[in-house]
Amino acid sequence: MTGSIYDELKDRGFIAQVSDETAVRKMLGEKQVTFYIGYDGTASSLHAGSLVPIMAMVHLRRAGHRAIAVIGGGTTMVGDPSGRTEMRQILDEAVIRAFGDAIRAQLDRYLKFDGVGALAVNNADWLKPLNYIEFLRDIGRHFSVNRMLASEAYKIRLEKGLSFIEFNYQLLQAYDYLTLFRSHGCTLQMGGDDQWGNILAGVDLIRRVEGAAVEAMTFPLLTTSAGAKMGKTVQGAVWLDAGLFSPYEYFQYWVNTDDRDVGRFLRLYTLLPLEEIRRLESLAGSEINEAKRVLAYEATILTHGEDAARDARAAAAAAFGGSGEKDVASLPTTVVARARLEAGLGPAELFVEVGLAASRGEAKRLIAQGGLSINNERIDSLTRMLTLKDVGPDGLILKAGKKKIHRVIAG
RNA sequence: GGGCAGGUACCAAAGUGGUUAAAUGGGACGGGCUGUAAACCCGUUGCGGAAACGCUUCGAAGGUUCGAAUCCUUCCCUGCCCA
């Protein structure tokens, strides 16, 4: 345990707000602290937007603190209105349960739940059995509606409408904190900066009910320098699940980082020492691409493991002609029946099939605009049939635009 | 429960009987320039079709009409005001 983990987090850009900086720095430096972060299960996988909290947990755990990941099986049934413009879709309970299990498994890769230094709990376990009247009397009376309505988090919703169920979210999250304080001695809750109000509600509740001082810390809500939300691409989220978003795509997501974000991201999303990061981010001009590759490689290791990261890097090198080993086999690949290739396939059909175009119409548009190529040769005609002859020893390489690439092999 | 205003494509927002597959902006995508960056310039942006053209879309379902996003009816949903 080192006295510097708080400052390490701060230097790396993890901290947006802290309840009491002096107290938090002190406790993280002096003793083992049990802390928690909640993850609401609104999808079967977390995405890159959740990486900051995950990395913060990894850092704290490495520093010897005890991590509790709370799967929001109960709170997800209510839905957090904080900062949202519209009510969340109400999800089916069985679905929420399944999502929660999947997310737990995902977090396990980063945190290695051992029941001692890192554990996962599901708040459905204590929220579902709650008795309404008792809850109102014991917990509800500590909350001021006036104060809640005045908070920034609800501001948008007061204009667009806020249902009663959502209004209860904050109470439940506060109750989570109280529960973990009582059962596990948890004294630090962290979360995204949009959670600040909810987290403080828990701090207040514990003070009122237990007379104890506990702490709160939030992470900045990141956007890329281009203004996009972290972890979102056009196609959708940058999922941490290899089945939803392949390691190759994941690697590419990081390689495509804006120059201006490289240093910031290296600090947040890799465990590289700060001196090394300072060296990498100082690279100028096209040299910065080297830093991006390091970022991508390290980030991919953390999420998908070293083997997958190596494959992804090799595939990227093959696709973009970078230095080092080239491994075409690691590109996203689709097997197409030999017989179909013998008969010949239209390019639009094939590009749609491998997911490089959303529809034949789009594929045709792309061809007209010179955006599609096979084996690095621009397709200039819709009737350019693709056959077995186009499938070389490494397969048939399809490209849409400059960056989306896919390999087809006959099978 | 009553009154008012709304629900249009990824988002925002025009359109109030045919010239509307639906203005405009943003976003996104493609091309050019580059460094798998940014900025900038050009183009594209419902589905099918080589094309002609066809099909589906404006909360949902019915209806009026030669013709509906546009008119009528019912229903669902949202916001505001009143209770």
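Here are some questions and answers about a predicted model with an RNA strand.

Residues are numbered from 1 along each chain, chains are lettered from A and ligands numbered from 1, as written. As this is a predicted model, local features need pLDDT of at least 70 and side-chain atom pairs pLDDT 80 or more, totals for chains, interfaces and linings use all residues, and side-chain values use heavy atoms, with hydrogens and water left out.

User: Which helix gives the most to the surface near RNA strand B?
Analyst: Near means that a residue has a heavy atom within 4 Å of the strand. Helices are DSSP runs (H or I, at least four residues), numbered from the N terminus. Helices H8, H12, H15, H16 and H19 each supply at least two residues, and the one giving the most, with five residues, is H19.

User: How much of what comes within 4 Å of the protein in RNA strand B is sugar and phosphate?
Analyst: There are 34 residues around RNA strand B, and Lys160, Asn256, Asp259, Gly361 and Arg365 come nearest. Of the strand's atoms within 4 Å of the protein, the sugar and phosphate share is 74%.

User: How far is a base oxygen of RNA strand B from an N or O atom in the side chain of Gln252?
Analyst: A polar contact with the strand is a pair of N or O atoms within 3.5 Å. Asn256 has a side-chain N or O atom 2.6 Å from a sugar or linking oxygen. For Gln252 and a base oxygen, the distance is 2.7 Å.

User: Is Phe143 buried or exposed?
Analyst: Phe143 is in the loop between helices H6 and H7. Buried means under 20% relative accessible area, exposed over 50%, partly exposed in between (1.4 Å probe, protein chains only). Phe143 has 11% relative accessibility, so it counts as buried.

Note on methods:
Polar contact = N/O pair within 3.5 Å; in protein donor to acceptor, adjacent residues only side chain to side chain.
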